Amino acid sequence: MIIKEFCMYCGACAGVCPVDAIEVEELKIVIDEEKCTKCGLCVKTCPIEALELQ
Ligand code: SF4
Ligand code: SF4
């Protein structure tokens with residue numbers, strides 16, 4: 001997963017992840033690539049297109 005610099009840490013992506021692979025911390029988000037199934041839900045949910053599946 002690519003996280004773009006303009007991510008505003010709103011947490012919307014973490015809220016929809018079915019496997020809890022995204023954690024939003026202070027000024028960063030962390031994606032557990034081992035948990036991620038690449039379903040793309042977080043990418044579709046992000047309001048500013050800050051995520052990109054690799
Ligand atoms: S939904 Fe988008 S802007 Fe919000 S924390 Fe996730 S990647 Fe960042
Ligand atoms: S692609 Fe799916 S499984 Fe991976 S972090 Fe996003 S919502 Fe979670």
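In this predicted model, E33 is located in the loop that joins β3 (28–31) to α2 (41–45). Its relative accessible area of 39% makes E33 partly exposed, because that category lies between the 20% limit for buried and the 50% limit for exposed residues. The points below cover the surroundings of E33, the nonpolar core, the two ligand shells and two loop residues with positive phi.

**Surroundings of E33**
- Leaving aside residues up to four places away in sequence, E33 touches M1 and K38.
- A polar atom of the E33 side chain lies 2.9 Å from the backbone nitrogen of M1.
- E33 and I22 are 11 residues apart in sequence, and their C-alpha atoms are 9.1 Å apart in space.

**Nonpolar core**
- The largest nonpolar core comprises 14 residues, and those with the most contacts inside it are M1, C13, I22, I29, I31, C42 and L51.
- Two or more residues of this core come from each of α1 (12–16) and β3.
- I31 touches M1, I3, A21, I22 and L51, again not counting residues up to four places away in sequence.
- In soluble globular proteins, nonpolar side chains tend to be buried together.
- M1 thus appears in several settings: M1 is touched by E33, is touched by I31, and is among the core residues with the most contacts.

**Ligand shells**
- The residues around ligand 2 are M1, C17, P18, V19, I22, C36, T37, K38, C39, G40, L41 and C42.
- By class, the shell around ligand 2 contains nine nonpolar residues, two polar residues and one charged residue.
- K38, which touches E33, is one of the residues around ligand 2.
- M1, I22 and C42 belong to the surroundings of ligand 2 and are also listed among the core residues with the most contacts.
- Ligand 1 has 13 residues around it, of which C7, C10, G11, C13 and C46 come nearest.
- The shell around ligand 1 holds 12 nonpolar residues and one polar residue, with no charged residue.

**Positive phi in loops**
- Most residues other than glycine have a negative phi.
- D20, a residue other than glycine, has a positive phi near 50 degrees.
- D20 sits in the loop between α1 and β2 (22–25) and counts as exposed, at 53% relative accessibility.
- E49, also not a glycine, has a positive phi near 55 degrees.
- The position of E49 is in the loop between α2 and β4 (51–52), where E49 is exposed with a relative accessible area of 61%.

Methods: Residues numbered from 1 in each chain as written. Chains lettered and ligands numbered in written order. Predicted model: local features only at pLDDT ≥ 70, side-chain atom pairs only at ≥ 80, totals over all residues. Heavy atoms only, no water. Near = heavy atom within 4 Å. Nonpolar A, V, L, I, M, F, W, Y, C, P; charged D, E, K, R; others polar. Helix = DSSP H or I, 4+ residues; strand = E, 2+ residues; numbered from the N terminus. Buried < 20%, exposed > 50% of the residue type's maximum accessible area, 1.4 Å probe, protein only. Contact = heavy atoms within 4.5 Å. Polar contact = N/O pair within 3.5 Å; in protein donor to acceptor, adjacent residues only side chain to side chain. Core = buried A, V, L, I, M, F, W, Y, C linked by side-chain atoms within 4.5 Å.
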